[in-house]
Amino acid sequence: MITLKQYTNEEAQIIPLIQGFWKAHSHYDQSEAEALEDLQNWTKPGHMIYFIQNDAVNVGFAHLGSRGGKMDWLEDLFILPEWQGHGFGSEAIHQLEEIVKQYSVSLYIEAAARNEAAIRLYRKLGYDCLNTITIRKDFPGYEYDVARKENIHGMEFEIRKDKDF
């Protein structure tokens, strides 16, 4: 049974999860000091962190945030690799939707274009309104592979991923 438990002050439990998030999403070994800085930012007014628990065992976390209005952005979602693929992320999102429905008409999720698995999950869960588009310019020295190209408004964009080493 998946439950969401609001983070109150369990620093020793959340820090390894934040570090795991960055390792999984950016292949970055984050220091404890960097994780603490993230924690401080993610617990400021307008932010909320929830532990995602399976029978009282922390299997991940979710971070809701505000970008000027109510806390209606799912800023970060992380399930430990050994717990992925069991529906915990989907159930956590459903529970977060119930929380956000109490004060907002929408829940926003941002995903890297290269993160196809996440985008497929969000789409399956009913996230079908393209809201914003983030574009970036890569500078010399960044090595990447082009996963594919997409057309939006008649313009071609590359979906890039870090070069596999």
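Okay, let's start with Ile133, which sits in the loop between helix H4 (116-124) and strand S6 (144-152). Keep in mind that this is a predicted model. So, is Ile133 buried, exposed or partly exposed? It's partly exposed, because its relative accessible area is 46%, and that lies between the 20% and 50% cut-offs. Ile133 also has company: together with Leu130 and Ile135, it forms a nonpolar patch on the surface. The three of them add up to about 340 Å² of accessible area.

Now over to the sheet. It's an open one with five strands, in the order S1-S2-S3-S4-S5, and the pairing is mixed. Which strands stand at the edges? Those are S1 (2-6) and S5 (108-109). Each has a single partner strand, so one side of each is left without a neighbour in the sheet. S1 and strand S2 (residues 47-54) run antiparallel, joined by five bridges. If you want to find one pair on screen, look for Thr3 and its bridge partner in S2, Gln53. Then there's helix H2 (residues 32-42), which packs on the sheet and touches S2, strand S3 (57-66) and strand S4 (71-79). The direction of H2 makes about 115° with that of S2.

Last stop, Arg114, in the loop between S5 and H4. This one counts as partly exposed too, because its relative accessibility is 37%. What does Arg114 touch, leaving out residues up to four places away in sequence? The answer is His25, Arg136, Ile159, Arg160 and Lys161. And check out Glu158: it's 44 residues from Arg114 along the chain, yet their C-alpha atoms are separated by 9.5 Å.

Conventions:
Residues numbered from 1 in each chain as written. Predicted model: local features only at pLDDT ≥ 70, side-chain atom pairs only at ≥ 80, totals over all residues. Heavy atoms only, no water. Patch = residues over 30% accessible without salt bridge, like charges linked within 9 Å, V, L, I, M, F, W, Y side chains within 5 Å. Areas by Shrake-Rupley, 256 points an atom, 1.4 Å probe, with all protein chains shown as cover. Salt bridge = Lys/Arg side-chain N within 4 Å of Asp/Glu carboxyl O. Helix = DSSP H or I, 4+ residues; strand = E, 2+ residues; numbered from the N terminus. Buried < 20%, exposed > 50% of the residue type's maximum accessible area, 1.4 Å probe, protein only. Pairing = 2+ DSSP bridges. Contact = heavy atoms within 4.5 Å. Axes fitted to C-alpha atoms, helices over the stretch in contact; angles between N-to-C directions.
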